[in-house]
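The questions below are meant for someone meeting this structure for the first time. Each answer explains its terms before it gives the value or name.

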Amino acid sequence: QVQLVESGGGLVQAGGSLRLSCAASGRTFSSYAMAWFRQAPGKEREFVAAIGRTRWYTSYADSVKGRFTVSRDNAKNTVYLEMNSLKPEDTAVYYCAASGGTQDLATRKYDYWGQGTQVTVSS
């Protein structure tokens, strides 16, 4: 079992930046692929970005590619999502997730989820 806690959300103007953090409990953080999802009111949950157990493997949704960067610090049991050039369409609750599987990062089933952090981008 893994517990995940997101932080770093807030209100930002369009064109601005935010960095989200996800702190994971446990001593096996490096064995999990980590991902970020988001969900806006009235919309389905959407994959945003993910990073594998090594830095060789990352995946991004087309809507955020070139603007968002996912990274991890295994020594701190933390994964990050650096969000630049934010748009109002990025407004959502952002969730951190973990998976021990080996499937494609964007389509695999994630096993553990955080409670989410709100990101609001004003126009």
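Accessible areas come from the Shrake-Rupley method with a 1.4 Å probe, and for residues only the protein chains shown count as cover. This is a predicted model, in which local features need pLDDT of at least 70 and side-chain atom pairs count only at pLDDT 80 or more, while totals for chains, interfaces and linings use all residues. Residues are numbered from 1 along each chain as its sequence is written, and side-chain values use heavy atoms, with hydrogens and water left out.

Q: What share of the exposed area do carbon and sulfur atoms supply?
A: The chain exposes about 6,700 Å². Of this area, the part supplied by carbon and sulfur atoms is 46%.

Q: How many strands does the chain have?
A: Helices (H or I, at least four residues) and strands (E, at least two) are DSSP runs, numbered from the N terminus. The chain has 0 helices, and its strands number 11.

Q: Which residues form the disulfide?
A: A disulfide is a pair of cysteine sulfur atoms within 2.5 Å, and a search of the whole structure finds 1. The sulfur atoms of this pair lie 2.1 Å apart, and the residues are C22 and C96. The pair links distant parts of the chain, 74 residues apart, with C22 in strand β3 (residues 18-24) and C96 in strand β9 (residues 92-99).

Q: Is C22 buried or exposed?
A: Buried means under 20% relative accessible area, exposed over 50%, and partly exposed in between (1.4 Å probe, protein chains only). Because its relative accessibility is 0%, C22 counts as buried.
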